[in-house]
Amino acid sequence: MRSLVTLLVLVIALAAGLLVGTKTSDASLTPGLALDLEGGTQLILQPVAEKGVEVTDQNIKQAIDIIRQRVDSSGVAEAEITSQGRDKIVVALPGQPSEATLDLVRESAQMLFRPVLLQGAPQPTTAPSATPPAADAPAPADASDTAWLTSDVLAAYAAYDCTAQKNLTGGAALLGDKDKPVVTCQQDGSSKFVLGPVEVRGTDIASASSGLKVGPTGALTNEWVTNIKFTGKGTGIFRDVTTRLLDLPTPRNQFAIVLDGLVISAPAVRSIIGNGQAEISGSFTRESAATLARELNFGALPLTFEVQSEQQISATLGSEQLQRGLLAGLIGLVLVAIYSLVQYRALGFVTIFSLVVAGALTYLFIAVLSWTQGYRLSLPGVAGIIVAIGITADSFIVYFERIRDELRDGRTLPAAVEEGWRRARRTILASDAVNFLAAVVLYFLAVGGVRGFAFTLGLTTLIDLGVVFLFTHPTLLILARTRFFAEGHRFSGLDPAQLGARSRYVGRGRVAVAGERAERGPQPAVSTGPEAVPAGEGTSLPTGDRRLTIAERRALARQAELDAAAEPSTATVPAAAPAHESVDGGTDRKDA
């Protein structure tokens, strides 16, 4: 009962939250739709490089990654960002994106090197992490001078929240004044910084690459590093920077590599680099070292974006396809309901109501995610929901069949429900775990609409588990106590006679033949070995007062069938004497 109450509270909370959201914010009772079902805004960007610089496929790919990060962090889901030809980027945003989101797409990414003044945990703090300088402090002598840490800067640093998505979107809003300190975050939101004025620009980098570190003897080690080569101008600037940072305490001996307003790396200076060739080492993997090299190479390219076109686009599939998808789901639901009623009789209604609960939860979760996270439902997402109907019904079938197996073995319905649940639970958990793992892998490896399919498949798999645990099993526990199901009515779907059970043990040494009431009187005595065991007297067993084993119950059932098949004219065998009595006079003892 507690599980049903928990489920009811969850449904009410989701529905109430959504209703309140429609009154107090921009929430809607219907989920947002993706490009294929609603349309949206399409921008075509033309990368523009300085004269004599070639735009490569790698630069385009890096630009797409940056734009995708900006869009995803802004809360817009189901956006399509692709390359067109060799030198264009197409960005399609569903619905009516805000002007701030469009600005994130239009802006160019910039790479800058700034010295680190402060570094700390990403969450806001109640007090500054350092003591502000005195009012009569001299002007900053260089970019690493602590005089930059004014009370206003420290207050901004203390209040800054790097766990908020709005501060991880990148773009011009996070770049700040290049000649003043700035508060910003690590790209993954793990740290926040106060950075000094810009000292090195991305255009001062000639190239970057990744590889294994070369040891003092010239041999390769197992450590992955990223190598940077500066231009002639950049070499002199970076020599001066490393000379100053070398003797400063942590974290002021670090310089931050800032791409698109966010810190992608903040290495500490270990030596003066005067030849223009720097090596960044640390806990790099092959992939992370290569990623940093790609980002540095992108920052080295003086690349800007020119918006060639910006227009509204119509849905690629439209409402008709959505209606057909929903119709397909409805047909599948009806077929599952018909099958359940034919196969499980009244028990099939448990399947139908469970599917209704699962459908309601799916709708509420998608609507809430659309409101809070910007999720948009695409046609592949609808397909994932339709597939989930079969997955959810499969869980119920596994459970019902386990219960039927227990009834065939002679258990009462309450005992069959408990034992069937114990056995079915492992199967359901294993099956849903495989489905969820497949959905997760597909989501992270796929792109475009396939991710929408994977998302709804994973969501509905989790909902399936919740419904089975919080609704289906508790409902069956309640039904098992009702007379209609407990007595095995022929329309209940749990009739032992229809399931092929020849008899069932009802306790205290009694066996009820399939189709008869559990209150049947004592059975004839049955032999279980050297001594006779009256079916209705559990105390007559040689081992004392105990419950019958399954083997003994089956022996009782077989003897009951033999006795029922015997005709009145057939010679009968006298019942055995009680275990404490014997037959004397040279007559052999006989068992019944």
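Colleague: What makes Phe113, Arg114, Pro115, Glu199, Val200, Phe238, Val241 and Phe255 residues that line the second largest cavity?

Modeller: A cavity is a set of points on a 1 Å grid over the protein atoms alone where a 1.4 Å probe fits but cannot get out, and lining residues have an atom within 4 Å of a point, so these eight names, Phe113 and Phe255 among them, are the lining of the second largest cavity. This is a predicted model, in which local features need pLDDT of at least 70 and side-chain atom pairs count only at 80 or more, while totals for chains, interfaces and linings use all residues. Residues are numbered from 1 along each chain as its sequence is written, and side-chain values use heavy atoms, with hydrogens and water left out.

Colleague: Which class prevails in the lining of the second largest cavity: nonpolar, polar or charged?

Modeller: With Ala, Val, Leu, Ile, Met, Phe, Trp, Tyr, Cys and Pro counted as nonpolar, Asp, Glu, Lys and Arg as charged and the others as polar, the lining has six nonpolar, no polar and two charged residues. Strand β5 (a DSSP run of E, at least two residues) gives the most, with three residues.

Colleague: How do you know that the span of helix α11 agrees with its 33 residues?

Modeller: The expected span is 1.5 Å times one less than the number of residues, which gives 48 Å for residues 413-445, and the end C-alpha atoms lie 46 Å apart, which agrees.

Colleague: Where is the kink in α11 centred?

Modeller: The kink, about 30°, is centred on Ala424, the bend being the angle between axes fitted to the seven residues ending there and the seven starting there.

How values were computed
On a 1 Å grid over the protein atoms alone, a cavity is a set of points where a 1.4 Å probe fits but cannot get out, and a pocket is an open set with protein on both sides within 12 Å along at least five of seven lines; lining residues have an atom within 4 Å of a point. Helices (H or I, at least four residues) and strands (E, at least two) are DSSP runs, numbered from the N terminus.
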